[in-house]
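These are my notebook entries on a single protein chain. I set down what I looked up, topic by topic.

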Amino acid sequence: EFVCIVGPSGCGKSTLLKMIAGFLEPTTGHVLLDDEAVTEPGPDRGVVFQHANLYPWMTVRENVELAGKFRKVPKAERRKTAELYLDMVNLSEFADQRPYELSGGMQQRVGLARALAAETDILLMDEAFSALDPLIRTEMQDQLIELQHDLKKTIIFISHDLNEAM
């Protein structure tokens, strides 16, 4: 499924997403995933934040390969996966650059590629396109819908923009 949570700034959208991700514990009630309480982050959920949060000392490719490295995926397979997702977000030619050499929108696309490369079942996106210019934002919205269709992921997308959610 592709689920959008829409509301004005400060209404708790990001807080809800952080609870689903396992970063925050609910003050009351429970967050359940496959009938199991979510109490901490897990390898089944990838997160794309409002800000890219990339490691500046690593190349774009190394940032995207990170989840595979944590899972001890062989280097050749990590590289192949990174190349696939960097191509999907149209950043293949920037794979050897450092994040600080990219625009903010490009950094955000690296963050998306990194989350996709983790190959989780669920992708949580917290206003992930808010920093993008209108043209790239529209392209990324269209691409995300295609990715969701092709990869069969559950995507929970937070936005304050009703048009974007629709």
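Entry 1: cysteines. I looked for disulfides in this predicted model and recorded 0. A disulfide is a covalent bond between the sulfur atoms of two cysteines. I then took cysteine 4, which takes part in no disulfide. Its nearest cysteine sulfur belongs to cysteine 11 and lies 14 Å away. A disulfide requires the two sulfur atoms to be within 2.5 Å, so I could not count this pair as one. Cysteine 11 is likewise in no disulfide, and the cysteine sulfur nearest to it is that of cysteine 4. I also checked the accessibility of both residues. Cysteine 4 has 28% relative accessibility and counts as partly exposed. Cysteine 11, with a relative accessible area of 45%, is partly exposed.

Entry 2: the second largest pocket. I met cysteine 4 again here, as Cys4 is one of the residues lining the second largest pocket. Its volume is about 160 Å³. Among the other lining residues I noted Phe2, Phe129, Asp142, Phe157 and Met166. Which element gives the most to this lining? I found that α5 does, with 4 residues. Strand β1 (2-6), helix α5 (134-151) and helix α6 (162-165) each supply at least two residues. By class, I recorded 8 nonpolar, 1 polar and 2 charged residues in the lining of the second largest pocket.

Entry 3: the largest pocket. Rolling a probe the size of a water molecule over the atoms shows where empty space is left. For the largest pocket I noted about 570 Å³ of space. Its lining comprises 20 residues. Which residues lie nearest its centre? I listed Arg45, Gly46, Val47, Ala67 and Ala118. At least two lining residues come from each of β4 (45-48), α2 and α4. The classes in this lining are 12 nonpolar, 5 polar and 3 charged residues.

Entry 4: helix α2. Since α2 contributes to the lining of the largest pocket, I examined this helix next. Is helix α2, residues 60-70, mostly covered or mostly uncovered? I found it mostly covered, with 8 of its 11 residues buried. The buried residues include Val60, Val64, Leu66 and Ala67. Arg61 and Glu65 are also on the buried list, and both count as charged. I then asked what covers the buried residues of α2. The covering parts include α3 (75-88) and α4 (104-117). Lastly, I noted that lysine 72, just after α2, takes a positive phi of about 65°.

How values were computed:
Residues are numbered from 1 along each chain as its sequence is written. This is a predicted model: local features need pLDDT of at least 70, side-chain atom pairs count only at pLDDT 80 or more; totals for chains, interfaces and linings use all residues. Side-chain values use heavy atoms; hydrogens and water are left out. Buried means under 20% relative accessible area, exposed over 50%, partly exposed in between (1.4 Å probe, protein chains only). Contact means heavy atoms within 4.5 Å. On a 1 Å grid over the protein atoms alone, a cavity is a set of points where a 1.4 Å probe fits but cannot get out, and a pocket is an open set with protein on both sides within 12 Å along at least five of seven lines; lining residues have an atom within 4 Å of a point. Grid points are joined across faces, edges and corners, and a volume is the space filled by probe spheres set on the points.
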